[in-house]
Amino acid sequence: MGDILAVENVSKQIQEKIILGNISFTAVTGDLIAITGPNGAGKTTLLRMIAGLMTVTAGRILWNQEQYGLEHGRIGYLSHQPMLYDSLSVLENLSFFAKLYNCYSPQSVQEILTRVGLWLARYEPAAVLSRGMQQRLAIARTLVSTPRLILYDEPFTGLDREGRELLLGLLAENQPRTVQVLVTHDLTLLDGLKCREIKIEGGKMVEEGVASD
Amino acid sequence: MTEYGRKIWLLYLKDLRTELSTQDNLLSTFVFGIMLVVIFSFAFQLADVPVDRALAAVLWISVFFTSTLSLQRSFAIEQKNDALSALLLAVGDRGAVFLAKMLSNLTSLLLLELILVPLAWVLINVQSAGPTQFGLLIGVLFLGSWGLAAVGTLINGMTVQLANARLLFPILLFPLLIPILIGGVLCVSAALNYSTGSVKGWLYLLLCFDLIYTVVPFVLFDLILEG
């Protein structure tokens with residue numbers, strides 16, 4: 001049986017400002033949800049709340065009908081920022097996160113780095129990598145724990161054509177066994193993928209699109 | 001080792017490795033500490049300040065100022081590239097992040113003191129101390145460093161996401177550390193004066209201070225990092 005992510009009437013208020021109001025949707029394994037909207041609409045806030053990195057002001061977020069938080073431990077999060085340590089090498093960065101997730105083995109790390117095309121650059125510090133290579137390492141970090149829920153925040157930023165194809169391939173490959181939620185301002189990047197669009201404007205959900213290819 | 005302890009240990013090792021690999025920061029901190037000890041040692045000798053008071057003052061002045069440099073880097077490393085988010089997702093508990101950071105900051109401070117204490121000892125020309133006095137000196141330095149590391153990690157975690165973090169850090173740090181600094185100076189001075197019984201109360205105060213500033217942030221770090 002697949003997993004179910006349920007976002008129920010979620011709101012976020014910071015001081016007097018309402019960032020998000022009454023957002024609701026559900027997603028099951030196999031779903032790719034594309035959250036779209038203009039800058040400042042609250043897309044990243046919603047994603048960070050789903051990840052457990054921010055608390056909700058009202059409403060609840062459920063994973064298989066249970067409330068969860070950071071302790072869930074198997075959430076993949078790929079952001080437009082690489083979320084890596086500049087002073088550690090490619091290998092050290094990935095090994096560190098793999099060990100934290102308790103899924104480290106030299107073979108698995110080598111396999112993932114080879115897959116994202118970084119095995120030959122494994123001893124390079126993350127700081128000297130190009131933006132695109134850092135994003136590839138971030139993809140490796142996201143996948144290392146084999147998450148069942150993967151969140152993407154503008155993941156195509158800084159990727160070249162080859163990198164975009166790699167990421168699109170991973171999105172397609174992960175689709176049958178994961179729930180994926182992706183924040184983007186450009187849906188055309190997802191051409192060829194079956195996804196459901198949720199449009200947010202001014203913190204409100206204005207549209208939930210039907211499945212599309 | 002439990003799963004929780006294993007994660008703290010991994011974070012602790014990562015922090016030490018990161019600190020050692022950024023040699024510019026490490027070197028500038030150590031050089032700054034050595035300069036403070038040298039300058040204040042000569043200044044106190046010129047002013048003919050008694051040895052016990054001079055050593056206590058030199059040690060805590062140099063440790064405090066040097067620690068403000070090193071402690072505020074602790075979360076800045078995590079803030080860059082938003083590594084903190086990836087870390088929190090992998091660790092799953094903000095309290096563990098606080099504990100690991102505090103322990104790595106404490107280790108850095110103790111390493112710094114390994115250089116500063118003998119240097120100050122020689123420059124101020126302290127005569128030999130008995131084992132009890134020496135033990136008290138080590139104990140006080142440990143308790144003081146623990147307090148510095150705990151408060152520093154807490155304030156750093158609170159301010160790192162603010163635009164004027166570098167300004168706020170020392171401003172918030174100093175008032176909170178007043179008990180540590182006063183207690184530290186009195187206890188070091190008493191240790192060299194062979195009057196250890198008179199500072200028992202301060203030692204308990206230092207221990208209580210350290211425990212409070214370790215346990216409370218550990219429990220509340222969720223709220224602190226959420227900001």
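# Exercises on a two-chain model

With 213 residues, chain A has a radius of gyration of 17 Å, which agrees with the value near 17 Å that a compact globule would have. The structure is a predicted model.

**Exercise 1. Describe the build of chain A.**

Step 1. Start with the secondary structure: chain A holds 5 helices and 10 strands.

Step 2. Take the extent along the principal axes. The C-alpha atoms of chain A fill a box of roughly 45 × 40 × 35 Å.

Step 3. Look at burial. Residues that count as buried make up 53% of the 213 residues of chain A; the cut-off for buried is under 20% relative accessible area.

Step 4. Look at the contacts with a separation of 6 or more. In chain A, 68% of these contacts join residues 24 or more positions apart.

**Exercise 2. Decide whether chain B is as compact as a globular protein of its length, and describe its build.**

Step 1. Chain B has 9 helices and 0 strands. Along the sequence, the pattern reads α-α-α-α-α-α-α-α-α.

Step 2. For 227 residues the globule rule gives 17 Å, and the radius of gyration of chain B is 18 Å; the two values are close, so chain B is as compact as a globular protein of that length.

Step 3. Along the principal axes, the box filled by the C-alpha atoms of chain B is roughly 55 × 35 × 30 Å.

Step 4. Of the 227 residues in chain B, 52% are buried.

Step 5. Among the contacts in chain B with a separation of 6 or more, 82% are between residues 24 or more positions apart.

**Exercise 3. Work out how helices α2 and α3 of chain B are arranged.**

Step 1. Locate the helices: α2(B) covers residues 23-46 and α3(B) covers residues 51-71.

Step 2. Their axes come within 9 Å and cross at roughly 155°. Angles over 145 degrees count as roughly antiparallel, so α2(B) is roughly antiparallel to α3(B).

Step 3. Give the hand of the crossing: for α2(B) and α3(B) it is right-handed.

Step 4. List the residues that meet. On the α2(B) side they are Thr29(B), Phe32(B), Gly33(B), Leu36(B), Val37(B), Phe40(B), Ser41(B) and Phe44(B). On the α3(B) side they are Ala54(B), Ala57(B), Val58(B), Ile61(B), Ser62(B), Phe65(B), Thr66(B), Leu69(B) and Ser70(B).

Step 5. Sort these residues by type. The contact of α2(B) with α3(B) has 11 nonpolar residues, 6 polar and no charged. Gly33(B) is one of the residues in this contact, and Gly counts as polar.

Terms used:
Residues numbered from 1 in each chain as written. Chains lettered and ligands numbered in written order. Predicted model: local features only at pLDDT ≥ 70, side-chain atom pairs only at ≥ 80, totals over all residues. Heavy atoms only, no water. Axes fitted to C-alpha atoms, helices over the stretch in contact; angles between N-to-C directions. Helix = DSSP H or I, 4+ residues; strand = E, 2+ residues; numbered from the N terminus. Parallel < 35°, antiparallel > 145°, perpendicular 65-115°, else oblique. Left-handed = near helix turned anticlockwise from the far one by under 90°. Contact = heavy atoms within 4.5 Å. Rg over C-alpha atoms; globule rule 2.2 N^0.38 Å. Buried < 20%, exposed > 50% of the residue type's maximum accessible area, 1.4 Å probe, protein only.
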